[in-house]
Amino acid sequence: MQKQSAGYLFVLPALMVLGMLIAYPIAYTGLLSVTDNAGNFVGLNNFRRILAARATPTAFWNTLWWVFGSIIFQVVLGVLTAVLLNQNFRGRALVRSVTLVPWVVPGIVAATTWAWMLHTEFGIINYMLTAPGVIDRPVGWLTNGNTVMPVMIAINIWKMFPFVAIMVLAGLQSISNDLYEAARIDGASFWEEVWYVMLPQVRSVIVAVTLLLVIWALNHITIIYAITRGGPANRTLITPIQIFRTAFESVQFGQAAALSVMFFAVAIVIVFVYIKTLASNPEESR
Amino acid sequence: MKTLTMKMAIAATASFLAMSAGAWAGEVVWWTPNFNEARARQLVEKFQAANPEVKVKLEITTTDGLPQRILTALQSGAAPDVIDVQHGWVNGYAQNDLVLPLDDVLTQREDYIPAALEYNTWDGKLWGIPYRIETHAIIINRGDFKAAGLDPDNPPTTWDAFTEAAKKLTTNGKSGFAITGGGEVGNTIFRSLPFMWMLGGGIISDDGKQVLVNSPESIKAVTFYTDFFKNGLSPSSTLENDGTANRRLFIAGTVSMYQSGQFDIQSIRQENPNIDIGVIPVPHPEGGKTAAILGGWSFVVPSAAKNPDEAKKLIAFLAEAENQAALTDTFPARISAMDAERFNDPILKVFKEMLPFGRPVPAHPNWVQISQAYFDGIQRILLGDENVKDAMDGAAAEIEGLL
Amino acid sequence: MSSKPQTLKRPGLPAWLVILGSVLLVLVCLFPFWWMVLSSVKTLRELYTVPPIWWPDTPTWENYRKVLFESNIPRYFLNSIIISVGSTALALVLAIFASYGFARFNFRGKPLLQSLVLVGQLLPTAAIIVPLFITLRVLGLVNTYWGLILVYMIITLPLSVWMLTSYFKNIPVELDEAAIIDGASRLGCLFRITLPLSLPGLASVMVYAFVTTWNEFIFALCFATDSSVKTLPIGLAEFSTEFNTDWGAVMAASVVMTLPIAILFLSMQRLFVGGLTAGATKG
């Protein structure tokens with residue numbers, strides 16, 4: 001890598017576009033967070049009010065559950081799937097295309113289809129479990145306080161693991177044959193090959209993809225909103241949904257902005273920590 | 001060459017401007033939901049024939065995400081000239097200065113159902129013109145009634161008799177009476193709040209100053225409502241069911257009674273013509289009277305509208321009795337319009353009878369959050385997390401902070 | 001490293017594992033979609049039954065007929081294509097340059113700038129809608145193709161840059177250095193060496209940007225109110241009237257909406273296969 005200011009030239013167009021079009025929303029949100037609905041300056045009032053709301057801490061903890069629960073399985077399943085799809089077998093192209101389906105199906109349709117399949121009485125899932133006697137009573141997947149969040153996380157995993165799979169697959173496809181040869185010479189078994197050759201090579205891809213998943217999970221609205229709207233009794237309420245509802249249902253843009261500011265700050269910290277620990281050493285990876 | 005470039009520049013600017021949102025002088029942009037589309041188009045033709053200098057541009061909205069989309073438009077200043085909104089949204093817009101007062105558009109105030117006008121009134125002014133009203137009643141499966149030994153033509157009218165009937169109907173895998181516990185908050189407000197009103201309770205007082213949700217009367221009503229689930233008379237999926245889900249259960253034959261509006265009748269007839277549909281009034285407590293929330297739609301004119309005067313002309317036209325009767329899917333907001341032929345279907349009889357008992361929800365700037373706090377409480381009860389008193393006390397504490 | 005007279009066979013997954021894995025994968029991914037397709041050929045009556053029906057007695061093409069011939073879906077399909085292709089192309093171009101800069105150069109403030117790229121993504125959707133709408137209004141771009149293309153480009157750009165940077169990093173920098181010694185410019189390196197070798201990465205970024213734009217709902221809902229620019233997800237929502245969601249039509253429209261992307265990905269298979277760096281700097 002050279003130290004060259006030519007680097008600036010390459011990144012400038014993208015940064016300018018982003019800068020212009022993101023700076024304004026940030027400024028606008030900041031302004032909204034300290035004004036009331038009529039536009040008067042109210043200091044930290046909005047912050048105080050939204051922090052005092054009963055739903056806020058609940059949403060915060062739910063968000064953490066949601067993010068960690070989703071990501072772990074999205075990454076693990078995604079990587080395993082990529083390894084599988086990297087193999088040479090008949091019909092591989094077809095399986096690869098099919099794998100993409102969950103991610104490609106529109107979020108709202110996926111959500112409503114799953115909600116329908118999981119319905120306590122009309123749902124095909126309960127039917128498939130009770131008919132052969134696997135369970136004797138239908139499970140209230142979406143009505144039981146203990147199962148509803150895990151079910152939402154499962155749907156999110158189903159929706160996103162294909163994305164991880166194709167991203168990692170692209171990385172796997174770029175691995176030079178030389179590396180595999182070296183491993184063969186050393187007599188490596190398949191799983192050793194995975195561990196010592198494949199994974200290190202796609203490390204930067206996995207790190208990047210995981211960061212994306214974190215960001216998406218932190219900003220997620222569609223699936224949960226479409227199925228439970230954050231209920232029942234706020235069991236599945238996560239902060240981005242709370243922000244959305246505060247703004248567009250309660251028409252409290254000021255409070256929503258205040259919550260956005262706080263959430264944004266927390267998210268930046270998380271991302272910063274992540275980058276520092278995992279994506280550090282840009283020098284070292286070359 | 002120069003003139004050619006000039007012309008091109010003018011053409012480019014013109015098309016650029018034409019591409020941008022909004023109307024030019026004399027054009028009224030009207031947002032109406034998809035279920036109104038066909039009838040709206042006919043009315044637009046009629047209007048334009050009578051008012052050739054005004055052009056109406058119809059844009060069809062969907063109910064999915066509609067409040068968000070309207071809010072975005074109003075808040076950002078790029079709004080149409082006339083919007084169809086639900087009564088309950090008008091207050092929020094009025095209090096945030098997002099719509100214009102419409103007192104000068106309203107003629108023949110006495111012809112309107114008072115409750116409908118109350119919805120749109122705030123701070124002494126009228127902010128929306130109602131064109132459609134409806135209330136809930138109870139839709140029953142007459143066949144199930146007869147099978148259980150009940151007489152569908154002599155339905156139970158009191159709470160106790162109603163509960164008894166529901167118990168009798170809960171056999172053979174059927175649920176006697178389905179309540180809602182999920183979906184949008186409005187579903188459960190529409191169905192449970194009237195019961196509270198019948199006893200003199202409520203969520204907040206009509207003047208918006210007092211919390212009523214944990215008063216003894218309210219608690220009694222909430223207990224009545226949630227007990228249907230507690231005692232197994234409402235399906236086990238109640239927490240995920242809204243009005244539409246209950247209708248589907250009714251169509252599938254697993255529910256014998258449920259609360260809803262007249263709009264369900266058409267769907268039921270279409271999807272399961274074998275059901276003998278009956279409609280009965282919502283039961284009242286012993287010695288009390290029934291009650292209902294008045295639902296429906298109104299027209300508003302955004303403050304940011306480009307052609308407010310022409311917009312008001314269009315609304316005045318649509319507010320004429322005959323046109324209201326044509327546009328509405330349920331009932332018109334004007335008494336004189338109710339005489340139209342299409343409202344004489346016998347099955348609509350009970351719905352009509354319930355109309356006078358319809359009341360607006362309290363007008364409070366934080367109503368949405370207040371009703372959400374109440375709904376969370378209901379869900380806590382249905383989940384089994386708290387008993388009725390604790391749940392309502394919790395809701396009351398939250399609502400106190402919002403008043 | 002000298003070439004061996006006989007290449008060792010690469011260890012792979014045992015065949016039974018491959019088959020089992022593939023079957024499971026296909027089942028899990030496809031079952032809800034298949035359920036959707038089944039629902040799209042059922043009549044309303046057969047959709048909501050207790051217990052659910054596996055196979056319709058009276059399958060009907062009515063829903064597809066409605067979707068393809070009686071609705072605005074074909075027009076929305078066109079709109080979605082234009083907007084998705086436009087924003088993907090724009091985002092890709094900008095991302096290629098920016099990612100090359102981040103992957104190959106070291107300059108002051110680089111880590112900060114890289115992080116800044118992601119910062120916009122962290123802003124909650126609700127906080128971004130109204131100001132973006134105001135911006136579009138000021139630019140006169142509400143209800144236009146360009147307005148939506150711009151918005152979606154903004155949404156997909158940050159993560160495209162982030163992803164592409166890591167793909168570029170995977171390509172040995174020695175290749176660039178060798179080319180520069182041979183007299184190539186930086187730009188030449190980018191086009192002649194880095195890009196051809198990163199086709200799988202480019203393809204995956206393209207798929208990401210396209211799919212994200214294709215499926216996006218809330219921005220399209222607020223920024224495109226005229227049917228000349230409405231997109232498919234909005235069209236889907238239009239089958240929900242106040243009285244009934246025409247589930248058959250929604251499912252049929254969803255199938256119509258999903259197929260192009262599956263086909264897109266299938267046709268890009270070529271790009272995903274191979275992509276080996278032929279040990280050009282070795283030996």
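In β13 of chain B, B:Phe331 is the bridge partner of B:Ile133, and this pairing serves as the entry point to a briefing on a structure that is a predicted model. The strands β6(B) and β13(B) run antiparallel and are joined by 2 bridges. The points below move from the sheet that holds these strands to the domains of chain B, then to the contact with chain A, the nonpolar core, chain C and the confidence of the prediction.

**The sheet in chain B**

- The sheet is open and consists of 6 strands of chain B in the order β2-β1-β3-β12-β6-β13, with mixed pairing.
- Because β2 (55-61) and β13 (331-332) of chain B stand at the edges and have a single partner strand each, one side of each is left without a neighbour in the sheet.
- Strand β6 of chain B, which covers residues 129-134, has 6 of its 6 residues buried and is therefore largely enclosed by the rest of the structure.
- β6(B) also runs antiparallel to strand β12 (residues 295-300) of chain B, to which 5 bridges join it, and within this pairing B:Pro130 has B:Ser298 as its bridge partner.
- Strand β1 of chain B, residues 27-33, pairs with β2(B) in the parallel sense over 7 bridges, and B:Trp31 stands opposite B:Glu59 of β2(B).

**Domains of chain B**

- Chain B is divided into domain 1, made of 23-134 + 295-359, and domain 2, made of 137-293 + 366-400, and the C-alpha centres of these two domains lie 29 Å apart.
- The contact between them takes 13 residues from domain 1 of chain B and 17 residues from domain 2 of chain B.
- On the side of domain 1 of chain B that touches domain 2 of chain B, α14 (349-354) and β14 (358-359) each supply at least two residues, and the largest share, 4 residues, comes from α14(B).
- By class, that side of domain 1 of chain B has 6 nonpolar, 3 polar and 4 charged residues.

**Contact between chains B and A**

- Here 22 residues come from chain B and 18 residues from chain A.
- On the side of chain B that touches chain A, α3 (66-76) and α15 (367-383) of chain B each supply at least two residues, with α15(B) giving the most, namely 6 residues.
- The class composition of this side of chain B is 7 nonpolar, 10 polar and 5 charged residues.

**The largest nonpolar core**

- The largest nonpolar core has 297 residues, and those with the most contacts inside it are A:Val168, C:Ala95, C:Phe223 and C:Ala253.
- Helix α7 of chain A, residues 148-173, provides the largest share of this core, with 18 residues.
- When its neighbours within four places in sequence are left aside, A:Val168 is in contact with A:Gly78, A:Val79, A:Ala82, A:Val202, A:Val205, A:Ile206 and A:Val209.

**Chain C**

- Chain C has 14 helices and 0 strands, and 51% of its 283 residues count as buried.
- Among the contacts in chain C between residues at least 6 apart in sequence, 77% join residues at least 24 apart.

**Confidence in chain B**

- Chain B averages a pLDDT of 86, and 94% of the residues score at least 70.
- Over residues 1-23 of chain B the pLDDT stays under 50, and for this stretch the model has 16 contacts beyond four places in sequence.

Technical notes
Residues are numbered from 1 along each chain as its sequence is written. Chains are lettered from A and ligands numbered from 1 in the order in which they are written. This is a predicted model: local features need pLDDT of at least 70, side-chain atom pairs count only at pLDDT 80 or more; totals for chains, interfaces and linings use all residues. A nonpolar core is a set of buried Ala, Val, Leu, Ile, Met, Phe, Trp, Tyr and Cys residues joined through C-beta atoms within 7 Å. A residue is buried if 20 or more other C-beta atoms lie within 10 Å of its own, exposed if 12 or fewer, and partly exposed in between; C-beta atoms are placed from the backbone. Two residues are in contact if their C-beta atoms, placed from the backbone, lie within 7 Å. Domain bounds come from an automatic or database domain assignment. Ala, Val, Leu, Ile, Met, Phe, Trp, Tyr, Cys and Pro count as nonpolar, Asp, Glu, Lys and Arg as charged, and the others, Gly among them, as polar. pLDDT is the predictor's confidence in each residue, from 0 to 100. Two strands pair if DSSP finds at least two bridges between them.
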